[in-house]
Amino acid sequence: YPLPLHDALPSSLAHEALPQILSVGGLADVAAMCLRVGGHLVAKMPFGGWLSVAALGLILVRGGRGVMQARRRWATMHAEPAVGDHRTLGANEMVVLDTPNHVAVSVPGSPGQVLVSRSILENLGPDQFDGLIRHEEAHLDLHHSRFLLAGAAVDGALGSVSPIHKGVGALRLSLERWADEVAGDTVDHRVALRSALAGIGEEALSDGRRYDRDLVDPRLSALAIGTPPPQTMWLWGLGAAAIALLFASLTGSMGFHVLGILLSGG
């Protein structure tokens with residue numbers, strides 16, 4: 001799973017950049033001590049500290065831009081009261097849009113919304129439609145937007161690296177499977193949800209519209225056999241662990257230096 005690679009790189013860069021940051025901040029003595037006890041490699045090279053600072057800054061800026069783009073996209077998608085037919089859906093709301101295009105997507109916000117086109121409402125059976133709505137509602141109730149924001153940061157920072165980009169895609173698939181398992185908590189619900197997904201996919205193919213087979217086909221297979229593939233059910237947990245690793249390693253790096261400073265001062 002490639003996301004830990006993304007976590008390790010910023011952590012290593014932060015570790016290498018720290019002496020240069022301390023030096024610029026007027027703590028030259030502390031920076032020199034960090035170079036002696038911190039196990040730095042790149043920072044000891046000519047311009048190594050500045051290169052680490054520049055690389056870390058680029059990754060953080062690109063990652064932040066990815067997060068901002070995701071938030072901006074959700075804000076644009078969030079339906080105003082005058083747009084569509086708004087209906088209460090637990091703590092969220094369902095918005096039926098008058099469009100011939102098939103739309104079924106969850107949008108985080110206040111409140112969270114499930115946007116669905118009238119064509120979906122009219123073409124699916126009641127059980128199929130209910131399964132699709134349960135799936136989208138699960139995304140909102142489980143706060144999957146937090147994982148998606150983390151994925152957007154990773155993809156924005158290093159998405160040009162193919163394994164990283166594929167890893168983010170695997171994270172998105174795992175979130176879809178997670179919502180599938182919540183929505184398909186009974187055999188009847190699983191059958192209805194799979195039928196809805198298959199029907200929408202087949203219609204998209206017949207009409208020549210875009211159909212993300214890499215995202216939909218594994219879900220259809222998993223719902224058909226009735227048991228979730230272990231590799232996809234655990235991917236979301238690995239993704240969360242990878243994100244936690246970033247903060248843990250950063251904290252550990254800083255803590256190592258602080259401990260060294262305290263021991264030296266003592």
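## Salt bridges, sheet and helix contacts

E176 counts as buried, at 18% relative accessibility. The cut-off for that label is under 20%, so a value of 18% falls within it. The model is predicted.

**Charged pairs**

E176 has a charged partner. R219 forms a salt bridge with E176, and their closest N and O atoms are 3.5 Å apart. R219 sits in helix α9 (residues 213-225) and E176 in helix α7, so this pair ties together parts that are 43 residues apart in sequence. R219 is buried too, with a relative accessible area of 6%. Both residues also belong to a wider group: E176, R177, D180, E181, R190 and R219 are linked in a network of salt bridges.

How many salt bridges does the structure hold in total? The count is nine. Three of these pairs are listed here.

| Salt bridge | N to O distance |
|---|---|
| R219 and E176 | 3.5 Å |
| D185 and R134 | 2.9 Å |
| D155 and R172 | 3.9 Å |

Take D185 and R134. Their closest N and O atoms are 2.9 Å apart. This salt bridge links distant parts of the chain, 51 residues apart. D185 is in the loop between α7 (162-183) and α8 (187-207), whereas R134 is in helix α5 (residues 126-141). D185 is partly exposed, with a relative accessible area of 49%. The exposed class starts over 50%, so D185 at 49% is still partly exposed. R134 is partly exposed as well, with a value of 23%.

Next come D155 and R172. Their side chains meet in a salt bridge of 3.9 Å, N to O. D155 lies in helix α6 (residues 144-158) and R172 in helix α7, 17 residues apart, and the pair links distant parts of the chain. A salt bridge needs the nitrogen within 4 Å of the oxygen, so the 3.9 Å pair qualifies. R172 counts as partly exposed, at 36% relative accessibility.

**An aromatic pair between α6 and α7**

The structure holds one aromatic pair. F147 and W178 form this pair, which is edge-to-face. The centres are 5.9 Å apart, with 75° between the planes. Edge-to-face applies to planes over 60 degrees apart, so 75° earns that label. F147 lies in helix α6 and W178 in helix α7, so the pair ties together parts that are 31 residues apart in sequence. Are F147 and W178 buried or exposed? Both are buried.

Helix α6 also holds L149. L149 is buried, with a relative accessible area of 14%. Which residues does L149 touch, not counting residues up to four places away in sequence? They are V67, A70, R71 and W74. V67 is 82 residues from L149 in sequence, but the two are 5.7 Å apart in space, C-alpha to C-alpha.

**The sheet**

Four strands form an open sheet in the order β1-β2-β4-β3, with mixed pairing. Which strands are at the edges? They are β1 (85-89) and β3, and each pairs on one side only. Neighbouring strands of this sheet are turned by 25° against each other on average, direction ignored.

Strands of a sheet pair through backbone hydrogen bonds, either parallel or antiparallel. Here β1 and strand β2 (residues 92-97) run antiparallel, joined by five bridges. H86 has V95 in β2 as its bridge partner. Strand β3 (residues 104-107) and strand β4 (residues 113-117) also run antiparallel, and four bridges join them. S106 stands opposite V114 in β4. A hairpin through five residues joins β3 to β4.

**S119 in helix α4**

S119 is in helix α4 (residues 118-123). S119 is buried, with a relative accessible area of 10%. A polar contact of 2.9 Å joins the side chains of S119 and S117. Leaving aside neighbours within four places in sequence, S119 is in contact with T99, P100, N101 and H102.

Notes. Residues are numbered from 1 along each chain as its sequence is written. This is a predicted model: local features need pLDDT of at least 70, side-chain atom pairs count only at pLDDT 80 or more; totals for chains, interfaces and linings use all residues. Side-chain values use heavy atoms; hydrogens and water are left out. Helices (H or I, at least four residues) and strands (E, at least two) are DSSP runs, numbered from the N terminus. Buried means under 20% relative accessible area, exposed over 50%, partly exposed in between (1.4 Å probe, protein chains only). Two strands pair if DSSP finds at least two bridges between them. Contact means heavy atoms within 4.5 Å. A polar contact is a pair of N or O atoms within 3.5 Å; within protein, one must be able to donate a hydrogen and the other to accept it, and residues adjacent in sequence count only if both atoms are side-chain atoms. Rings of Phe, Tyr and Trp (its six-membered ring) pair if their centres lie within 6.5 Å; planes under 30 degrees apart count as stacked, over 60 as edge-to-face and the rest as tilted. Axes are lines fitted to C-alpha atoms, for helices over the stretch in contact, and angles run from 0 to 180 degrees between N-to-C directions.
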